[in-house]
Amino acid sequence: MNLEVFSLGTSGMMPLPGRFLTSALVRRDGELFLFDCGEGTQVSLKMLNLRWKKISAIFISHMHADHVTGLPGLLMLSSQVDREDPLYIYGPSRLGDYIDSSRKILDMYINYEIKFIPVEPGEIYRGEDFSINCFPLDHTKPCVGYSLVEDSRKGEFYPEKALALGVPKGPLFGRLQRGETIVLPSGLEVRSDMVMGEKRSGRKFSYVTDSLYFPEIADYVHDSDILFCEGMFEDGLRESAWEKKHMTALEAAMIARDSHSDMLCLQHYSPRYSDKELKTLLKEAQSIFPNTILTKDRMSFDIPLKD
């Protein structure tokens, strides 16, 4: 089952040529989940040939314009593709007012159901074998981060162990793989854990933007395969970051390190930095967490299944 992450925009505050406002998209087995919807989101979706009709849910971090200004256009666009399923939108309570007022003032033609769900920390979305969780951040407006977490997968089945215990090939193999306990004609009881390996952890994507640094963020995003985290400023502007309730790239790296994440993808850069100057942020972050990259618009990342 594929799990891919697409960076649709990486700029904070204002869009720049080649750098749209912050948003990211996760595609899991053909199902799409959008995180934030900054200006330019539609353009990146089109350039990447991603089908917005397949977006099942949108998750908004907070009510600042650079994270929501792409939403009205996306909602109207979705009416042009014969959407049948409801579109679920999650975010702070004021987001519902923004959606309702935008629909009314712009006289939007919407031919599908929009369901808005205000978020609270904890599990907010449950799929068949994964969940999306919400956790609090600390910004100038109520703000949250998100993690998409797959359920643990069954361990590997060892047929040679089953055969050694006298289990014949056939339906009994399937019962053991489903976690059942069987009793052989000899009276021997064979438990699933006698022929199965340890459970394998699922994959995890975390999205953090617009927050003061605080150590508990690492607890929320622990063991992420990919962590998208804002690194808006260089360390020399730490005081400015503190005043604006943002993070430096160095602080983002501290979260990645302390959370034991596999990869840190910096995003939500201050427009003060040119593409060349962003290398300062990368260098600082890599001094703490070497597996850091500067995320650019329309980059994509594959998260393979774990052994």
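1. Start with two neighbouring strands: β12 (residues 204–208) and β13 (residues 226–230) run parallel, and four bridges join them. If you want one pair to look for, take F205, whose bridge partner in β13 is I226. Keep in mind that this is a predicted model.

2. Now zoom out to the sheet these two belong to. Seven strands make it up, in the order β7-β8-β9-β12-β13-β14-β15, and it is an open sheet with mixed pairing. Its edges are β7 (122–126) and β15 (292–294), each of which pairs on one side only. Going from one strand to the next, the twist averages 20 degrees.

3. What packs on this sheet? Helix α10 (residues 278–286) does, touching β14 (263–267) and β15. The direction of α10 makes about 175 degrees with that of β15.

4. Next, have a look at helix α4 (residues 94–105). Its twelve residues reach 16 Å from the first C-alpha to the last, close to the 16 Å expected at 1.5 Å a residue.

5. Which residues of α4 are buried? They are L95, G96, I99 and S102. Looking down the axis of α4, you'd find its buried residues within an arc of 135 degrees, so they line one face of the helix. Among the elements covering them are α2 (65–68), α3 (71–77), β5 (87–91) and β6 (114–118).

6. Turn to the face of α4 that points away from its buried side, and you'll meet the exposed residues R94, D100, K104 and I105.

7. One last detail to check: just after α4 comes D107, which takes a positive phi of about 50 degrees.

Technical notes. Residues are numbered from 1 along each chain as its sequence is written. This is a predicted model: local features need pLDDT of at least 70, side-chain atom pairs count only at pLDDT 80 or more; totals for chains, interfaces and linings use all residues. Side-chain values use heavy atoms; hydrogens and water are left out. The expected span of a helix is 1.5 Å times one less than its number of residues. Buried means under 20% relative accessible area, exposed over 50%, partly exposed in between (1.4 Å probe, protein chains only). The arc is that of the directions from the helix axis to the C-beta atoms. Contact means heavy atoms within 4.5 Å. Two strands pair if DSSP finds at least two bridges between them. Axes are lines fitted to C-alpha atoms, for helices over the stretch in contact, and angles run from 0 to 180 degrees between N-to-C directions.
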